[in-house]
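Hi,

Here is the structure I promised to pass on. Have a look at it first, and then read my notes below.

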Amino acid sequence: MHLEYNIDLHDIFVDYVQVFDSINRNKVIDSLNEYNIPSKLIKLIALTLSGTSTTVKINNELTGKFDVQTGVKQGDPLSTTTLFSIAMDCILKKMELRGNISTRLRQCTTYADDILITARTTQAMIDIRKIEK
């Protein structure tokens, strides 16, 4: 309960598992387009995300190469910080979760891949699912 304004609060803590490995690369590119990033930069970024393959070391032996279709490259300063943050910001804008909980039904607080969604009513929290679809 929010004592200052005498309102009920409902919280959801979102903890993505392996978020940087599972983000849809096409959605990242779509987000860049929504921010009107110059097309040349978007094409260059898309090139760094496409055609990615890797191997895994198990018991000192490497597996065969396999393609990686999702995620952003960890260790690449642009990918994990900037690209993921831009994609998350696009999602949050569509959900209209910004603002002060005393004046809005919903609010979102984020830090890297940790998210806290707060709502003043149960219905406002349920409605968030409808927005993201």
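What follows is what I found in it, starting with the whole chain and ending with single residues.

First, a caveat: this is a predicted model, so please read everything below as computed from that prediction.

**The whole chain**

The protein has five helices and seven strands. If you walk along the sequence, they come in the order β-α-α-α-β-β-β-β-α-β-β-α. Of the 133 residues, 29% are buried. Among contacts with a separation of 6 or more, 51% are between residues 24 or more positions apart. The exposed area of the protein is about 9,300 Å², and 53% of that comes from carbon and sulfur atoms.

**The α2 and α3 pair**

Helix α2 covers 25-34, and α3 takes in residues 39-49. Their axes come within 10 Å and cross at roughly 170°. Angles over 145 degrees count as roughly antiparallel, and α2 and α3 are therefore roughly antiparallel to each other. Which residues meet across this pair? From α2 there are R25, I29, L32 and N33, and from α3 there are I42, I45, A46 and L49.

In the loop between these two helices sits N36. Its phi is positive, about 55°, even though N36 is not a glycine. Is N36 buried or exposed? It is exposed, because its relative accessible area is 67% and the cut-off for exposed is over 50%.

Helix α3 also has something to show on the outside. L41, L44 and L47 make a nonpolar surface patch of about 300 Å². L47, which belongs to α3, counts as exposed because its relative accessibility is 60%.

**V28, on the α2 side**

V28 is in helix α2 too, but V28 is a buried residue, because its relative accessibility is 1% and buried means under 20%. What does V28 touch, once its neighbours within four places in sequence are left aside? The contacts are I23, L83 and A87. There is also a pairing to look at with S85: V28 and S85 are 57 residues apart along the chain, while their C-alpha atoms are separated by 9.4 Å.

**I115 in β7**

Strand β7 runs over residues 114-119, and I115 is in it. I115 counts as buried because its relative accessibility is 8%. How far is I115 from F13? In sequence the two are 102 residues apart, and in space they are 5.9 Å apart, C-alpha to C-alpha. F13 is also one of the residues that I115 contacts beyond four places in sequence. The others on that list are I12, V14, Y16, M88, C108, T109 and T110.

**Two loop residues around β4**

K65 is in the loop between β4 and β5, where β5 is 66-68. K65 counts as exposed because its relative accessible area is 69%. Even so, K65 has contacts outside its neighbours within four places in sequence, and these are S53, T54 and T55. For S53 I can add a distance: K65 and S53 are 12 residues apart along the chain, with 6.2 Å between their C-alpha atoms.

On the other side of β4 in sequence, the loop between β3 (57-58) and β4 (61-62) holds N59. What is the phi of N59? It is near 50°, a positive value in a residue other than glycine. N59 counts as exposed because its relative accessibility is 74%.

**If you only open a few views**

I would look at the α2 and α3 pair with its crossing of roughly 170°, then the patch of L41, L44 and L47, and then I115 with F13. After that, N36 and N59 are there for anyone who likes checking a positive phi in a residue that is not a glycine.

Cheers

Conventions: Residues numbered from 1 in each chain as written. Predicted model: local features only at pLDDT ≥ 70, side-chain atom pairs only at ≥ 80, totals over all residues. Heavy atoms only, no water. Patch = residues over 30% accessible without salt bridge, like charges linked within 9 Å, V, L, I, M, F, W, Y side chains within 5 Å. Areas by Shrake-Rupley, 256 points an atom, 1.4 Å probe, with all protein chains shown as cover. Salt bridge = Lys/Arg side-chain N within 4 Å of Asp/Glu carboxyl O. Helix = DSSP H or I, 4+ residues; strand = E, 2+ residues; numbered from the N terminus. Buried < 20%, exposed > 50% of the residue type's maximum accessible area, 1.4 Å probe, protein only. Axes fitted to C-alpha atoms, helices over the stretch in contact; angles between N-to-C directions. Parallel < 35°, antiparallel > 145°, perpendicular 65-115°, else oblique. Contact = heavy atoms within 4.5 Å.
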